[in-house]
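Student: I'd like a close look at one part of this model rather than a tour of the whole thing. Could you take the disulfide and walk me through it, along with whatever sits around it?

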Amino acid sequence: QVQLVESGGGLVQAGGSLRLSCAASGRTASTYNLGWFRQAPGKEREIVAAINWSGGKTYYADDVKGRFTISRDNAKNTQYLQMNSLKPEDTAVYYCAADEVPPSLAIRPTTQAGDYAYWGQGTQVAVSS
């Protein structure tokens with residue numbers, strides 16, 4: 001049982017920045033890979049960024065690379081997505097997710113949505129031009 005609560009979404013103009021947070025509660029004394037996904041209107045959910053347990057390895061979708069940064073604070077059971085230089089095409093509902101894995105499998109990020117068992121409620125990010 002892990003509950004994820006997101007915050008930080010909102011409306012921003014193109015070129016602006018937002019920082020999304022995702023706080024976890026419940027069974028947090030485990031090893032989790034973390035990630036962020038997004039779903040735009042009329043489109044399927046897609047990977048945005050992912051980070052492994054130690055925070056030493058990350059993955060970014062090509063269209064956000066260099067603009068977004070994923071990070072985690074295991075002591076606070078919280079993950080973050082810093083979004084800079086936002087574009088209208090970044091408009092979507094953003095979801096945080098957690099994948100409980102053995103330490104031996106936490107050496108690389110989890111990038112498949114189907115591998116994540118725990119999801120936040122989603123938060124709307126809207127970027128105007």
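Tutor: The link of Cys22 and Cys96 is right-handed, with 55° about the S-S bond. Keep in mind that this is a predicted model, so read the geometry that way. The two sulfurs sit 2.0 Å apart, and a search of the whole structure turns up 1 disulfide. As for what it ties together, the pair links distant parts of the chain: Cys22 belongs to strand E3 and Cys96 to strand E9 (residues 92-100), with the two positions 74 residues apart.

Are these cysteines buried or exposed? Cys22 has a relative accessible area of 2% and Cys96 has 0%. Buried means under 20%, so Cys22 counts as buried, and so does Cys96.

Now look at Gln79, which has both cysteines among its contacts. Gln79 is in strand E8 and is itself buried, at 2% relative accessibility. A polar atom of the Gln79 side chain lies 3.3 Å from the backbone oxygen of Ala97. Setting aside neighbours within four places in sequence, Gln79 also contacts Leu20, Ser21, Leu34, Gly35, Trp36, Ile70, Ser71 and Arg72, among others.

Two of those contacts, Leu34 and Arg72, bring us to the largest pocket. Leu34 and Arg72 are listed with Ala24, Tyr32 and Asn77 as the residues nearest the pocket's centre, out of 15 that line it. The pocket's volume is about 160 Å³. Strand E3 (18-26) and strand E8 (78-83) each give at least two residues to its lining, and so do strand E1 (2-7) and strand E4 (32-39). By type, the lining splits into 8 nonpolar, 6 polar and 1 charged.

One more stop, if you follow the chain on from strand E8: Asp90 is in the loop between E8 and E9. Asp90 is buried, with a relative accessible area of 0%. What does its side chain make a polar contact with? The partner is the side chain of Arg67, at 2.8 Å. Apart from residues up to four places away in sequence, Asp90 touches Arg38, Arg67, Phe68, Ser85, Val125 and Val127.

Notes
Residues numbered from 1 in each chain as written. Predicted model: local features only at pLDDT ≥ 70, side-chain atom pairs only at ≥ 80, totals over all residues. Heavy atoms only, no water. 1 Å grid on protein atoms, 1.4 Å probe; cavity = no way out; pocket = protein on both sides within 12 Å on 5 of 7 lines; lining within 4 Å. Points joined across faces, edges and corners; volume = space filled by probe spheres on them. Helix = DSSP H or I, 4+ residues; strand = E, 2+ residues; numbered from the N terminus. Nonpolar A, V, L, I, M, F, W, Y, C, P; charged D, E, K, R; others polar. Disulfide = S-S within 2.5 Å. Buried < 20%, exposed > 50% of the residue type's maximum accessible area, 1.4 Å probe, protein only. Polar contact = N/O pair within 3.5 Å; in protein donor to acceptor, adjacent residues only side chain to side chain. Contact = heavy atoms within 4.5 Å.
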